[in-house]
Each structure stands twice: as C-alpha cells, then as structure tokens.
Amino acid sequence: MNQYETVFILTPVLSDEQTKEAVEKIKGLLTGAGAEVFSEENWGLKKLAYPIQKKTTGFYGMLEYNADPSVIKNFELQLRRDERVLRYITVKNEKYAAQYAEKRRNKKKEA
C-alpha cells in the first residue's frame, strides 16, 4: 500500500451540511475500496486563483490515506462524476513527504 494525499475543491453553493455530506461520500469511496483514511482536513471557503465554472470561491479539503494503486483510478473517476467537486489532485507521498506529513499532523494534534 502507498500513502496518498488528495486535495479537492467543492462548489461554494453547498450548505455546511451538504459539504460535510460530500466529504463523507468522498471518504466512503476510499474506505469502500479498502483504503485506510487516517487524516482529514477542512480548509474552509477560500478564494480561487481563477474562476472555475463561473465560481470564484470553493470549499477546500484534504484527505491522507493508504491505498493500493488500483484504487486511485476508480476513486478519481468517481470524483470526476460528482458535480459538487470542482477540482481535485491526488499525489503519492514518497518516503520523505510521508515523514513530513506525519510531523505536520502531530504538530496539529499538540496545538
């Protein structure tokens, strides 16, 4: 299993409940495929660098998880199909990036 990070932007027209529901659905896609989600961050409503689908803001979120490489293709396909997701990016963490991410998570827990 490899360690991955996915950052996604949800459409700003969602209510707080709908945003939480969308994030839970995204997490459910991963856990349903056998991935282990160990960190979730909600970065809130942010201004976009450029308009996407005529929207200038979006709800940012990040998930860190362990998964087999075969899971990622289907996961990204499901994100593309979801109308609430404006953009996403999935990055495979190498050894040093994974160590840095763990240090960052531990700092947040201490604060």
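Which residue in β3 is the bridge partner of Asn42? In this predicted model, the bridge partner of Asn42 is Gly61. Glu40 is placed opposite Leu63, which also belongs to β3. These pairs can be set against the wider register of the two strands: β2 and β3 (residues 55-67) run antiparallel and are joined by 11 bridges. The two strands form a hairpin with two residues between them. Within the turn, Gln53 has a positive phi of about 50°.

The hairpin strands belong to an open sheet of four strands, in the order β2-β3-β1-β4 and with antiparallel pairing. The edge positions are taken by β2 (36-52) and β4 (85-93); each has a single partner strand, so one side of each has no neighbour in the sheet. From one strand to the next, the twist averages 20°.

Two helices are described relative to this sheet. Helix α1 lies across β1, β2, β3 and β4 and runs at about 155° to β1. Helix α3 (residues 95-110) also packs on the sheet, where β1, β2, β3 and β4 are touched by it. The direction of α3 makes about 60° with that of β1.

Thr6 illustrates the surroundings of a residue in strand β1 (residues 2-10). Its relative accessible area is 0%, and Thr6 is therefore classed as buried, the limit being under 20%. The side chain of Thr6 makes a polar contact with the side chain of Tyr65, at 2.6 Å. When neighbours within four places in sequence are left aside, the residues in contact with Thr6 are Gly61, Met62, Leu63, Tyr65, Phe75, Leu79, Ile89 and Thr90. This list includes Gly61, the bridge partner of Asn42, and Leu63, the residue opposite Glu40.

Two positions in helix α1 were examined for accessibility. Val23 lies in helix α1 (residues 16-32) and, at 11% relative accessibility, counts as buried. Residues up to four places away in sequence not being counted, Val23 touches Phe8, Leu10 and Glu40. The C-alpha atoms of Val23 and Ala35 are separated by 15 Å, with the two residues 12 apart along the chain. Glu21 is likewise found in helix α1, but its relative accessible area of 53% makes Glu21 exposed, because the exposed class begins over 50%. A separation of 18 Å is computed between the C-alpha atoms of Glu21 and Glu64, which are 43 residues apart along the chain.

The largest pocket holds about 170 Å³ of space. Its lining comprises 14 residues, and those closest to the pocket centre are Thr19, Lys20, Val23, Glu40 and Asn42. Two or more lining residues are given by each of the elements β1, α1, β2 and β3. Several residues treated above thus recur in this group: Val23, the buried residue of α1; Glu40, which is touched by Val23; and Asn42, which is bridged to Gly61.

Key:
Residues are numbered from 1 along each chain as its sequence is written. This is a predicted model: local features need pLDDT of at least 70, side-chain atom pairs count only at pLDDT 80 or more; totals for chains, interfaces and linings use all residues. Side-chain values use heavy atoms; hydrogens and water are left out. Buried means under 20% relative accessible area, exposed over 50%, partly exposed in between (1.4 Å probe, protein chains only). A polar contact is a pair of N or O atoms within 3.5 Å; within protein, one must be able to donate a hydrogen and the other to accept it, and residues adjacent in sequence count only if both atoms are side-chain atoms. Contact means heavy atoms within 4.5 Å. Two strands pair if DSSP finds at least two bridges between them. Axes are lines fitted to C-alpha atoms, for helices over the stretch in contact, and angles run from 0 to 180 degrees between N-to-C directions. On a 1 Å grid over the protein atoms alone, a cavity is a set of points where a 1.4 Å probe fits but cannot get out, and a pocket is an open set with protein on both sides within 12 Å along at least five of seven lines; lining residues have an atom within 4 Å of a point. Grid points are joined across faces, edges and corners, and a volume is the space filled by probe spheres set on the points.
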